[in-house]
Every structure is written in structure tokens, then in C-alpha cells.
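Please open the structure in a viewer and keep the selection tool ready. The tour proceeds by selections, each followed by a description of what is found there.

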Amino acid sequence: MDKPDRGNKPDQADSGPHPAAVTFVTTEHFTLQGARSSTISESTGRASVFLGAVSGGLIALGLVATAAKTGAAFYMFGLILLPTLAFVGLATFHRVLQSGIEDLGYARRIAQLRDYYFDHAPELAGYLPNPAEPLPTPGLGIRLWQQFVTIAGMVAVITAVLAGAASGLLAAVVSGHSLVAALAAGVVIAAGALTGLMRYQNSAWIRGTTASLFPGAEAGPQ
């Protein structure tokens with residue numbers, strides 16, 4: 001089988017890789033895969049903790065509403081609880097987004113190592129997928145619908161709803177329990193918060209897909 005075109009890289013398949021290099025690359029591959037597992041576990045763990053906090057907080061708010069009959073105690077408890085949960089959601093969103101970008105970086109480095117295998121064993125090209133295919137296209141971020149199915153996107157939606165609910169509750173108190181004012185304030189704040197978080201997520205993914213895998217090498221010697 002003829003060796004496929006791999007660009008302007010030197011022909012290394014004829015001489016074969018050094019055994020120590022193969023061992024190092026294989027070890028690095030497994031290390032990066034373990035790091036990817038850690039980022040996924042952290043993201044799911046943080047999201048689970050956040051969802052548990054929201055669930056418990058809303059149950060407590062419902063119990064207070066039942067006991068206080070939506071009186072002053074209910075509004076006071078809601079105006080303390082909902083902004084707190086929104087803040088926790090914002091922190092969770094930022095961290096799970098960081099973990100997702102880290103996971104993308106590990107995936108790109110694994111693809112780079114797989115490219116090394118293809119360079120020295122081109123006959124594998126017919127049996128393994130192209131290492132670059134599963135990765136996002138650089139510079140395009142993620143698609144509109146895909147933003148909502150990520151862990152960060154899920155946390156962003158819940159956080160925006162919490163922020164809108166807190167704003168609506170505050171508007172109801174200020175306006176003398178006006179339903180129109182509460183709905184208007186809640187919808188505007190929730191939509192604005194969700195739009196801002198989604199734009200921030202997309203820009204973070206764009207930076208992650210276009211960032212250099214070896215920034216120190218580009219700087220060169222001082």
C-alpha cells in the first residue's frame with residue numbers, strides 16, 4: 001500500500017520510530033486520556049451538586065410559601081435564596097466551561113499523538129478514523145443548538161431562570177405585587193442573562209479551538 005500524503009513532513013516511516021519515543025508517546029496518550037476522564041467527572045459532579053442545591057432550595061421555598069402564605073417571610077426568603085442560587089450557578093457555569101475547554105485541549109493533543117502513529121504506520125489509515133474529524137472546526141465555535149446541550153449550556157439556562165425569577169420577585173415587591181411588572185422584569189433579565197452566557201460560552205469555545213497546542217514553542221528562544 002502506498003503511503004498517503006501527510007503534507008511536508010519528513011518521511012519517517014522508512015526508518016521507523018525509536019522504541020523510547022513510541023513508549024513515551026503511548027504513555028502520554030494514556031495520561032491525556034486519564035486527564036480527559038478527570039475533566040468529565042468534575043463537570044458532571046459540579047453540575048450534580050448545583051442541580052441538587054437548586055432542587056433543595058426550591059423545595060424549601062415551596063415549604064415557606066405554604067407556611068407563610070406568600071407573605072413577607074416568603075419574599076424575604078426568596079430574595080435571599082434565588083440570587084444565591086444564581087450566583088452558585090454562575091460560578092458552576094464558569095468552571096464547567098473551563099473543564100470543557102480543558103477536555104478539548106486534551107482531545108486535540110491526543111489527536112496530535114495519533115497523527116504520529118499514522119506517520120509511522122500509514123497502513124492503519126484504512127482501519128482508524130481520521131484523528132481530526134471528531135474535533136470542532138477551528139474558528140467556528142459550536143453551533144447554536146449545540147450550545148444548549150453542553151453541561152455549561154444546561155447550567156446557563158438554569159442560572160438565567162433563577163436570575164429572572166429573583167428579578168421578578170423583586171419587581172413584584174417594588175410594584176405592589178403587580179404580575180405584569182414581575183413577568184416583564186423576569187423575562188427581560190432571564191433573556192439577557194441567557195444571551196450573555198451563551199455568547200461567552202461560544203467565544204470561549206472559539207478561543208479553545210484556535211489556541212496553539214504549544215504556545216511556548218511559538219514564542220521561540222529568548
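Angles between helix axes under 35 degrees count as roughly parallel, over 145 as roughly antiparallel, 65 to 115 as roughly perpendicular and the rest as oblique. This is a predicted model, in which local features need pLDDT of at least 70 and side-chain atom pairs count only at pLDDT 80 or more, while totals for chains, interfaces and linings use all residues. Residues are numbered from 1 along each chain as its sequence is written, and side-chain values use heavy atoms, with hydrogens and water left out.

**First stop: helices α2 and α4**

Select residues 72-120, which form helix α2, and residues 151-174, which form helix α4. (Helices are DSSP runs of H or I with at least four residues, strands are runs of E with at least two, and both are numbered from the N terminus.) Two packed helices are described by the angle between their axes and the distance between the axes. Here the angle between α2 and α4 is about 155°, and their axes are 8 Å apart. Axes are lines fitted to C-alpha atoms, for helices over the stretch in contact, and angles run from 0 to 180 degrees between N-to-C directions. The helices α2 and α4 are therefore roughly antiparallel to each other.

The crossing of α2 and α4 is left-handed; that is, the near helix is turned anticlockwise from the far one by less than a right angle, whereas clockwise would make a crossing right-handed. The contact of α2 with α4 comprises 22 nonpolar residues, 4 polar ones and no charged ones. In this classification, Ala, Val, Leu, Ile, Met, Phe, Trp, Tyr, Cys and Pro are nonpolar, Asp, Glu, Lys and Arg are charged, and the others, Gly among them, are polar.

**Second stop: helices α1 and α4**

Keep α4 and add residues 19-68, which form helix α1. The axes of α1 and α4 cross at roughly 20° and come within 11 Å, and the two helices are therefore roughly parallel to each other. Which residues of α1 meet α4? They are S43, T44, A47, F50, L51 and V54, and their partners in α4 are I151, M154, V155, I158, T159 and L162; contact means heavy atoms within 4.5 Å. By class, this contact of α1 with α4 has 9 nonpolar residues, 3 polar and no charged.

**Third stop: salt bridges**

The structure holds 5 salt bridges, each being a side-chain nitrogen of Lys or Arg within 4 Å of a carboxyl oxygen of Asp or Glu. Select R109 and E28, whose closest N and O atoms are 2.9 Å apart. R109 lies in α2 and E28 in α1, so this pair ties together parts that are 81 residues apart in sequence.

Next, select R36 and D103, where the closest N and O atoms of the salt bridge are 2.8 Å apart. R36 belongs to α1 and D103 to α2, so the pair joins parts 67 residues apart in sequence. Is D103 buried or exposed? At 16% relative accessibility, D103 is buried, whereas R36, at 23%, is partly exposed. (Buried means under 20% relative accessible area, exposed over 50%, and partly exposed in between, with a 1.4 Å probe and protein chains only.)

Finally, select E42, R46, R95 and E102, which are linked in a network of salt bridges. Within this network, R95 bridges to E42 with closest N and O atoms 2.8 Å apart.
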